[in-house]
Amino acid sequence: MQLKINDSSPTAVRTTTSSSRRTSWDGNHGSASTSDSLLTSSTASLEPSPPPGTQDKRRSGPGLLIFPGTAQRHQHQHNPNGSKTIAKANDEDVAINQLGRSSRTTTRSIRSFRRPPLWQAPSLPKDQEEQEPQPEEVLERRNQRERRRVVCLAKVQEFIIEFLQGSSIHGFIYLAKLGLNFVERMLWFAFICVALFSIISLSKRTWHRFQTSPMVISMDRNKLVWNTSFPSLTVCPHKRIDELKVEEYILAHPEQFESEEDQEDFRDFIVKLASLTYDNLETLPLNKSFGIPSNKYLDLLYELKWPFEPEISSGAAVKMFIYETQTEFGICHSVNSLVARYNSFDYWRSGDWSILDHGDRVTVHPLDGEIYAQIINLSTAYDVYFHGAGDVPSISKQRYTFPESDYTTVELIALEIYTNEEARAFNTKQRSCRFNYEAEDMMTVPIYSFGLCLSECRMFFALRVCGCIPHFYRNRLRNGRKLPVCGLEGIECLVKIKREIISLKSDRYKINCNCLANCDDSNFFVQSYRSRVWFLGANLQWGIIDYPKMQLRRDVLFSFADVLVYIGGLVGFFLGCSALSFTEIIYYFTARFVRRIFFH
């Protein structure tokens, strides 16, 4: 076999074979004999041609492996001399001259040639093939970051071991002490965890106690030191409408009263409206409104009210005042009250929200002797509600009714509770009481009172269920919102829930008033009363005969200093450390840690 290599074209190799000569060779896979001799360009480039005139004495071998049936099919080009050309066989152009067409019985299929494994580049994953090789600088920077991370972790570990070995907290040294095995370290770690759990659990209980019940109510029997508040009361007359004013109103509005029956119905309606409370809502006639809008009910009642003008006299050193006030029982008058003026009709109509100067509360002392106050010129029967100076009458409290022809004397006993000044530093949840200036949740008055809070709760409950409020409440809130006043349909709705409104307890509706007691409060109880017929009309006299020999005082039992002492004792008992130990921890993990990691 003769090989002729064309150096000018590395991709094309001409192969000449003799048709009458057969070439045979021995290979690793056996012997092969063929009339066709094939040689790729890649093989030609690797087999250097011998110099002219010399004979290549190297052993000729196959060089390429022939795999039948794996050739890539390409387009064939026929040469005029009968040769067949296959394009791109094994990444090169190979010209195959096939001779001896006459011997078709010995014709072999076209084979392809693949490079041996030593000739092919190693295959890489697709993701690695797509990535460009990283420069040496990037790799060096990555190695430097990795070295820094390892060094930093080593410094942190060394720092923690140093802290544990030098800490003043008991037990920490055994976590890093040399010579201990793993089991001993785990036992000490478990002991420290149990101590920490005990400290946290007991400290949470202490803090909860400080937040919920830091106050205690104690009994004070030093009666010669304190002053006792004089009883306050609210008088509500039974007669509230002036008949002459009603007749004048009927004459002034003839279009609303076409018949005598209408006029009579109106007289009955206005009298019952003036005395309307939660107890007698069902007594109000609901068949006619007489053209009066519900938001004008209160204006009409004050226009037609009977002139009830009682006079007050007392033997106390401080003068007492009587104020007209609007309550859940209608138009009444309060004596020695600090909150009555905020419920007056004039105060509501002016849109005022300022704090009024109500003067000092009237107090008495055992050395003052018997002190009475008296209301005269009561020309009608009346109801009386006794309460403290900072409170208002409530529908849930007891009331006393006296006729218009009796002179009545009422003797009361007092039980007061006052709060120490140190308690002002606590919030309302901790004290479980409110001072009168803590009125941020009140919407109708600028001061706080337990009775006023209950009244607002009833008002908002009626608004939530029936969509309106009774006329004896202030319908303009502090935020400027104006509430609708119940008409005849609204009052019919209130009748259905009046028991729930009075008791503020319901199985159908959720009621949460969140009303706290007054921090300074006075409770009065009727000890005895007596009445006799008096020719000058109804008079009422009340006072204190037996001065109280004890009073209740709300003191601070558990202050913040006590919390610190209690928690400090727990920490010292379980871990044997002090405040300086915590300072040591803060120092180690701030200034010393930064200096060790970044500047050492």
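How many nonpolar, polar and charged residues are there in the lining of the second largest pocket? Before I answer, please note that this is a predicted model, in which local features need pLDDT of at least 70, side-chain atom pairs count only at pLDDT 80 or more, and totals for chains, interfaces and linings use all residues. Residues are numbered from 1 along each chain as its sequence is written, and side-chain values use heavy atoms, with hydrogens and water left out.

The lining of that pocket has 13 nonpolar, ten polar and seven charged residues, where Ala, Val, Leu, Ile, Met, Phe, Trp, Tyr, Cys and Pro count as nonpolar, Asp, Glu, Lys and Arg as charged, and the others, Gly among them, as polar. A pocket here is an open set of points on a 1 Å grid over the protein atoms alone, with protein on both sides within 12 Å along at least five of seven lines, while a cavity is a set where a 1.4 Å probe fits but cannot get out, and lining residues have an atom within 4 Å of a point. Volume is the space filled by probe spheres set on the points, which are joined across faces, edges and corners.

The second largest pocket holds about 600 Å³ of space, and among its 30 lining residues Leu338, Arg361, Asn436, Asp520 and Asp521 are the closest to its centre.

Turning to cavities, there are five of 30 Å³ or more, and the largest has a volume of about 180 Å³. Of the 15 residues that line this largest cavity, Gln326, Asn343, Leu452, Ser455 and Tyr473 are the closest to its centre, and the lining divides into seven nonpolar, five polar and three charged residues.
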